[in-house]
Amino acid sequence: DTPYPTEIREYLYKILVIGDLGTGKTSIIKRYVHNIFSQNYKSTIGVDFALKVIQWSPDTVVRLQLWDIAGQERFGNMTRVYYKEAVAALVVYDVTRPKTFEAVSKWKADLDSKVSLPDGEPIPVILLANKIDLQEEMSGPLDTEELDTFCDEHGFLKWFGTSAKNNSNIDDAAQYLLEEIMSRE
Ligand code: GTP
Ligand code: MG
């Protein structure tokens, strides 16, 4: 019962989701935004969009505009356009396909060469080791030390083992990224 209405602060952030074909970018976004998952693979063409609205605090609303960029686009010449004015990114690989991990540093290099924050710093990026539900069945846990070192060396803030299928760790990864973004406001 405050005597005056509180001023609501609103933020809009553009977040990129990139990584090779079929790594689960669209699935992660669908899980995060709509809490759904499908086994059917329908490859994204060009770019897709989703919006996640978060009540960050009683007086702060955050809108995340998620740019779901087709894996195919690494070989095209549109990424510079897609990356424009992004403030953060998620790079996704598929733990069952080592080639998609090899592509992670290529995506990161593409990103760093084409987008930066207004102060010139690289945008914050998180690595998602996706389909962890299958990895556990196939060959046991991930080499966490190797991933920690990889993140240090390639300028990733942190990595998360995720599953869009089982809804593992996606909220945590997004929360972590958002805390990083908000800490700069
Ligand atoms: P492109 O749009 O082609 O770049 O692919 P994408 O990265 O958007 O992959 P998408 O989300 O379409 O997923 C590809 C396939 O992997 C689909 O059949 C999904 O059901 C499956 N998939 C995605 N995430 C997971 C996961 O966490 N676990 C398992 N088991 N399957 C997954
Ligand atoms: Mg897709």
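**Exercise 1. Find the salt-bridge partner of Asp94, and say whether each residue is buried or exposed.**

Step 1. Take a salt bridge as a side-chain nitrogen of Lys or Arg within 4 Å of a carboxyl oxygen of Asp or Glu. In this predicted model, local features need pLDDT of at least 70 and side-chain atom pairs count only at pLDDT 80 or more, while totals for chains, interfaces and linings use all residues; side-chain values use heavy atoms, with hydrogens and water left out, residues are numbered from 1 along each chain as its sequence is written, and chains are lettered from A and ligands numbered from 1 in the order in which they are written.

Step 2. Asp94 pairs with Arg97, and their closest N and O atoms are 3.0 Å apart.

Step 3. For burial, use relative accessible area: buried is under 20%, exposed is over 50%, and partly exposed lies in between (1.4 Å probe, protein chains only). Asp94 has 2%, so this residue is buried. Arg97 has 34% and is therefore partly exposed.

Step 4. Now widen the view: Asp94, Arg97 and Lys131 are linked in a network of salt bridges.

**Exercise 2. How many salt bridges are there, and which parts of the chain does the Arg63 pair link?**

Step 1. The count comes to nine salt bridges.

Step 2. Arg63 bridges to Glu10, with 2.8 Å between the closest N and O atoms. This pair links distant parts of the chain, since Arg63 sits in strand 3 (residues 60–69) and Glu10 in strand 1 (residues 9–18), 53 residues apart. Strands here are DSSP runs of E with at least two residues, helices are runs of H or I with at least four residues, and both are numbered from the N terminus.

Step 3. Check the surroundings of each partner. Arg63 is partly exposed because its relative accessible area is 29%, whereas Glu10, at 52%, counts as exposed.

Step 4. One more bridge to try joins Glu180 and Arg184, whose closest N and O atoms are 2.7 Å apart. Arg184 is at 43% relative accessibility, so this residue is partly exposed.

**Exercise 3. Which protein atoms are donors of the magnesium ion (ligand 2)?**

Step 1. Look for donors, meaning N, O and S atoms within 2.8 Å of the metal (3.2 Å for Na, K and Ca); water is not among the atoms, so sites may look incomplete.

Step 2. The protein donors are OG1 of Thr26 and OG1 of Thr44, lying 2.0 to 2.1 Å from the ion. The two residues are 18 apart and link distant parts of the chain: Thr26 is in helix 1, Thr44 in the loop between helix 1 and strand 2 (47–57).

Step 3. Thr44 is buried, as its relative accessible area is 14%.

Step 4. Stay with helix 1 (residues 25–34) and list its buried residues: Lys25, Ile28, Ile29, Arg31, Tyr32 and Val33. Lys30 also belongs to helix 1, but at 39% this residue is partly exposed. The C-alpha atoms of Lys30 and Ala164 are separated by 8.3 Å, although their positions lie 134 residues apart in chain numbering.

**Exercise 4. Which residues have a positive phi?**

Step 1. Recall the background: most residues other than glycine have a negative phi.

Step 2. Asn35, which follows helix 1, has a positive phi near 55 degrees.

Step 3. Asn167 is not a glycine, yet has a positive phi of about 55 degrees. For Asn169, phi is near 70 degrees.

Step 4. Place the last two. Asn167 lies in the loop between strand 6 (158–162) and helix 6 (170–183), and Asn169 is in the loop between strand 6 and helix 6. Asn167 is partly exposed at 33%, and Asn169 is partly exposed at 31%.

**Exercise 5. Which residues form the nonpolar patch on the surface?**

Step 1. Patches use residues with over 30% relative accessible area and no salt bridge; like charges are joined within 9 Å, and nonpolar side chains (Val, Leu, Ile, Met, Phe, Trp, Tyr) within 5 Å. Areas come from the Shrake-Rupley method with a 1.4 Å probe, and for residues only the protein chains shown count as cover.

Step 2. The members are Leu12, Leu51 and Val53, with about 280 Å² of accessible area together.

Step 3. Val53 is found in strand 2 and, at 47%, is partly exposed.
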